[in-house]
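Open the model and keep the sequence beside it. We will walk through a few loop positions, one at a time.

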Amino acid sequence: MFDALIVGGGPVGVFVACELKLAGANPLVLERLPGISQWDKAHGLTGQVVRLLDQRGLFERCARVAEPSPAPAFFFGALPLPLHVLGERNPMYLLHINQRDLERVLNDRAAELGVEIRRGVELRSFQQDDDHVDITVVDTTTEVETTLSGRYLIGSDGARSTVRKQSGIGFPGNTDHHVVDRTVLIAPTDDLVAAGPGRVRVAGIGEIAAAFHRTETGVATIALHDPEHPLVYTAEWEDAPEQSSPGDGAAMTLAEMEDSLERVLGVRIALAPPAAGEPTLLRRLSGRNTRVADRYRDRRVFLLGDAAHVHSAAGGPGLNLALQDAANLAWKLAAELAGTAPAGLLDTYEAERRPLGQRVFMQTQAQTALMAPGSDVTALRDLFAELLTDTGTVQRIADLLAGADVRYEMGATDPDGPTGWFAPSAQLTLADGTRRRLPALLHAARPVLIDDDGSLRDAAAPWTDRVEHVELAAGGGLPSMLVRPDGFVAWSRTDPTDVRTALRAWFGEPRPAAVRTAATSEA
């Protein structure tokens, strides 16, 4: 029997499997597709998830630089967001990477950890009882059915999640049938040329914002992160000719995309398909969903990513939200499997993550409204642009986009303290004189108790089987704090509670003294 059966082998499913494996669990990933999808979906990661990948040692593999740095600018509702004014308080980290390349990195990591991934299998049904879940899957080639058992089931199987539907979990929200999204991958063209960070030069117009350039008739995005594989996206409202023919992934010609670009930008641009042998991506999505599951858990079944929440891609929040869902759930589920979880720990997954899903629900709808056509929206945008000249407003919007504006309830009473927030990426000096960045201490996905003067050594001893104790040199770079595996601070020196209270609350009862003594003797 597997510890966790994970339905859906996209980036979220593979990442949660890696997290579980690091924590000592035995997961199995089941994916309907025979290989990594070549659809050009997400084109990067934004916000705190970039720092999460840094904490797992994956950022450098993706970006080929040692550590992330905040972006000087971004956008909100197709309006420029001057992040440089925030200085050290800028929470918006960016990682430019195509989703298929991110999936390759995560699959490589899964292989290193020994995670089993079975491809070409699709979930048909499942049943759960008090101690396990039985699922029936079918081989998509042979149609042969197989039954598998696991102690838990995780649905990371997308917006049309079979796991969610069969669990009876509601998916309330709305569908905007007035929006038609189109996306195409094209060959390089002299009519669309990069003109500096975040800018593109369009023949017949001049320079425009590359991301979400809004006009009175729609929105256009021309992504040139990879100059050899430009991506063009448009969104139109109400009067789009194909609106009466809805379809997720419906066929579309390049001529139809040229027509859409002409309506939005006012100029005709000739588009050519990618080179032979490369995936030709032509998508049309009629109707835009914004939904959040009314529950993230049904007894032994959990939802992650798009199975739990879908929304507009404005601001790129999808993988930021989903991968942090995975990190939050994995360590708690692993503790439950190991028998060390305190009562109610698994319930904190939904309590902590669903409010963030609701925040994204809100802000992506707000961004969509700011991009809609019409003179009234133009007036609203003019007002909003004025508001964005205020540093406080920029900070609020940046925190919202980064997912950095929701504080987890950790029991601390200090509103200005670090508890409940994502841990800083500080440079530390350890007691032995070595220098380490805090993210490097979290590569193994274990909780870390940072001890700024050695006074916590005895308090930490009963939990050393599950919590890493790291002693700093004098002035080592941070005050004492307890950092959870998902990167959030659960206790700090400023908290009135004893560190043992926090250790017990999040990581369960300590080992009996006799067990600790035996373990020390064996070592």
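Start at R64, which sits in the loop between α3 (59-63) and β4 (74-76). Keep in mind that this is a predicted model. Is R64 buried or exposed? R64 has a relative accessible area of 75%. The cut-off for exposed is over 50%, so R64 counts as exposed.

Now look at the backbone of R64. Its phi is near 65°, a positive value, and R64 is not a glycine. Most residues other than glycine have a negative phi.

Move on to E143. This residue lies in the loop between β9 and β10 (145-155). What is the phi of E143? It is near 65°, again positive in a residue other than glycine.

Next, go to the loop on the other side of β9. D129 is found there, between β8 (121-128) and β9 (133-139). The relative accessibility of D129 is 35%. Buried would need a value under 20%, and exposed one over 50%. D129 therefore counts as partly exposed.

Where does the side chain of D129 reach? One target is the backbone nitrogen of D131, at 3.0 Å. The backbone nitrogen of H132 is another partner: a polar atom of the D129 side chain lies 2.9 Å from that nitrogen. Trace both contacts from the D129 side chain to the backbone of D131 and of H132.

Finally, find R151. In sequence, D129 and R151 are 22 residues apart. In space, their C-alpha atoms are 9.6 Å apart.

Terms used. Residues are numbered from 1 along each chain as its sequence is written. This is a predicted model: local features need pLDDT of at least 70, side-chain atom pairs count only at pLDDT 80 or more; totals for chains, interfaces and linings use all residues. Side-chain values use heavy atoms; hydrogens and water are left out. Helices (H or I, at least four residues) and strands (E, at least two) are DSSP runs, numbered from the N terminus. Buried means under 20% relative accessible area, exposed over 50%, partly exposed in between (1.4 Å probe, protein chains only). A polar contact is a pair of N or O atoms within 3.5 Å; within protein, one must be able to donate a hydrogen and the other to accept it, and residues adjacent in sequence count only if both atoms are side-chain atoms.
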